[in-house]
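Me: Got a model open here and I'd like to talk through a few spots. Can you start with the terms for surface patches?

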Amino acid sequence: MELWNTTLESGFILVGILNGSSSPELLCAIVTALYILALTSNGPLLLVITVDARLHVPMYFLLRQLSLIDLLFTSVVTPKAVMDFLLKENTISFGGCALQMALALMLGSAEDLLLAFMAYDRYVAICHPLNYMIFMSPTVCWFIVSTSWIMASLTAVGHTVYTMHFPFCMSQEIRHLLCEILPLLKLSCVDTSQYELMVYVTGVTFLLLPLSAIVTSYTLILSTVLHMPSNEGKKKALVTCLSHLMVVGMFYGAATFMYVLPSSLHSTKQDNITSVFYTIVTPALNPLIYSLRNKEVIGALRRVLGRYILPAHPNI
């Protein structure tokens, strides 16, 4: 128990993927580039959807929430990891670890739920277009977003408080990219098997159930698309659906590996690589896949730039 008291005072040591890599400088550059990409794609998207009245429709309302979550999610993890590597300072306080865990859990869980609601939005838009504004009214949209944030917040606070109450006396080293439940439980000097089962149940609830809803929605969408008379319309819809499913698969696949598969199938290296996908890679790719290839978004971006940026620089 003496080491537990030391942990409360001095915190933990994060030994993440950058420290254990064979080419840490290259990996650090890639992670930094992905973070910059996430900032420069999600930031303008948030601005454009907020400012341009033509994008004040349910689909873009949900996309704005996704961009906000991605921007916050990657910012909770990436700057800390990069700065730790550059400064050779890998410590994190007990309170800082708890805060990072709570924020990461909240944002990850909110994204789990929001992606499922976004798939439902596309299902209604394509399969029931005449009833779209009934099924996706402003009230429904706010209910969807509120439900995602409230459920995610309650789950994150509950799991963080319970995880951090365990005595940690095995080591101070967290061999992971960030403070997460399972890597921390490995440091506990008491039996955590019952709690790990609770984490598994939460993982199934927040990952497999929304994933089932997404698969069902896109199956119905594809069934409707294949009956479209226009080949061009079919091609466009298929490309859009496949690109969405690629990002969804990457996010849910990585998170499912981390939180649903038995811990006996995990290794430290695999967990580190897996966490990179849902905390760094998908936040950078989501706006590119969901929005920035969209003509409406590109048009809105040009209008916003023309209204607020170009008038301030008439010589451009």
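Reply: Sure. Patches are made of residues with over 30% relative accessible area and no salt bridge, with like charges joined within 9 Å and nonpolar side chains (Val, Leu, Ile, Met, Phe, Trp, Tyr) within 5 Å. Accessible areas come from the Shrake-Rupley method with a 1.4 Å probe, and for residues only the protein chains shown count as cover. A salt bridge is a side-chain nitrogen of Lys or Arg within 4 Å of a carboxyl oxygen of Asp or Glu.

Me: And where do the numbers come from?

Reply: This is a predicted model: local features need pLDDT of at least 70, side-chain atom pairs count only at pLDDT 80 or more, and totals for chains, interfaces and linings use all residues. Residues are numbered from 1 along each chain as its sequence is written, and side-chain values use heavy atoms, leaving out hydrogens and water.

Me: Which residues make the nonpolar surface patch of about 310 Å²?

Reply: Met83, Leu86 and Leu87. Met83 sits in helix H4 (residues 58-87); helices are DSSP runs of H or I, at least four residues, numbered from the N terminus.

Me: Is Met83 buried, exposed or partly exposed?

Reply: Partly exposed, because its relative accessibility is 42%. Buried means under 20%, exposed over 50%, partly exposed in between (1.4 Å probe, protein chains only).

Me: Switching topic: what's up with Gln100 in helix H5?

Reply: Gln100 is buried, at 6% relative accessible area. Its side chain reaches the backbone nitrogen of Cys179 at 2.9 Å, a polar contact (N or O atoms within 3.5 Å, one able to donate a hydrogen and the other to accept it; residues adjacent in sequence count only if both atoms are side-chain atoms).

Note on methods: Helix = DSSP H or I, 4+ residues; strand = E, 2+ residues; numbered from the N terminus.
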